[in-house]
Amino acid sequence: MKTGIEVKTGFMPLAWILYLCTPVIEINGQKNTRKWGVHYFDLAPGDYTVKIYFPYLFIKECGANQVNVRVEEGQTKKVSFEMPPWMMSKGDMRVS
């Protein structure tokens, strides 16, 4: 069984301009640039800080938010990030 974190990034359709932006998924400070959608990160069991944001105009970390995740052996934690249509707010993050 896999051990890691599955990250889903998305936004409301009214914020269609975000198709032009590329999210950055930081896991314990390691930056991973990925397209909007679902991505799996194979990780060892342990505690992780997941931070997600995207560059937008002159803002380096637009929508920035983060959660702490504990991953046990053989477990896949799911983290979701949803950006609302107003760019100056934090993205909504949840762990399941």
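A residue is termed exposed when its relative accessible area is over 50% and buried when that area is under 20%, with partly exposed residues in between. The model examined here is predicted, and these classes are applied to it below.

Two loop residues stand out by their backbone geometry. Leu-57, placed in the loop between E5 and E6, has a relative accessibility of 73% and therefore counts as exposed. The phi angle of Leu-57 is near 55°, a positive value in a residue other than glycine. A positive phi also occurs at Asn-28, where the angle is near 50°. Asn-28 belongs to the loop between E2 and strand E3 (30–33), and with a relative accessible area of 47% this residue is partly exposed. Most residues other than glycine have a negative phi.

The interior was considered next. The largest nonpolar core comprises 25 residues, and those with the most contacts inside it are Ile-5, Leu-18, Val-50, Phe-54 and Val-79. Two or more residues of this core are supplied by each of E1, E2, strand E5 (46–56), strand E6 (59–71) and strand E7 (76–83). E5 provides the largest share, namely five residues. In soluble globular proteins, nonpolar side chains tend to be buried together. When residues up to four places away in sequence are set aside, Phe-54 touches a series of residues that includes Leu-18, Trp-36, Ile-59, Met-83 and Met-87. Both Cys-21 and Cys-62 are also among the contacts of Phe-54, as are Thr-22, Pro-23 and Gly-63.

The cysteines were then examined for bonding. The structure holds zero disulfides. Cys-21 is in no disulfide, and the nearest cysteine sulfur, that of Cys-62, is 7.4 Å away. A disulfide requires a pair of cysteine sulfur atoms within 2.5 Å; the sulfur of Cys-62, at 7.4 Å from that of Cys-21, is therefore too far for a bond. Cys-21 has a relative accessibility of 10% and so counts as buried. Cys-62 is likewise buried, its relative accessible area being 2%.

On the surface, Trp-16, Tyr-19 and Leu-20 make a nonpolar patch of about 460 Å². One of these residues, Leu-20, is located in the loop between strand E1 (4–11) and strand E2 (24–27). Leu-20 counts as exposed because its relative accessibility is 69%.

Key: Residues are numbered from 1 along each chain as its sequence is written. This is a predicted model: local features need pLDDT of at least 70, side-chain atom pairs count only at pLDDT 80 or more; totals for chains, interfaces and linings use all residues. Side-chain values use heavy atoms; hydrogens and water are left out. Buried means under 20% relative accessible area, exposed over 50%, partly exposed in between (1.4 Å probe, protein chains only). Patches are made of residues with over 30% relative accessible area and no salt bridge: like charges are joined within 9 Å, nonpolar side chains (Val, Leu, Ile, Met, Phe, Trp, Tyr) within 5 Å. Accessible areas come from the Shrake-Rupley method with a 1.4 Å probe; for residues, only the protein chains shown count as cover. A salt bridge is a side-chain nitrogen of Lys or Arg within 4 Å of a carboxyl oxygen of Asp or Glu. Helices (H or I, at least four residues) and strands (E, at least two) are DSSP runs, numbered from the N terminus. A nonpolar core is a set of buried Ala, Val, Leu, Ile, Met, Phe, Trp, Tyr and Cys residues joined through side-chain atoms within 4.5 Å. Contact means heavy atoms within 4.5 Å.
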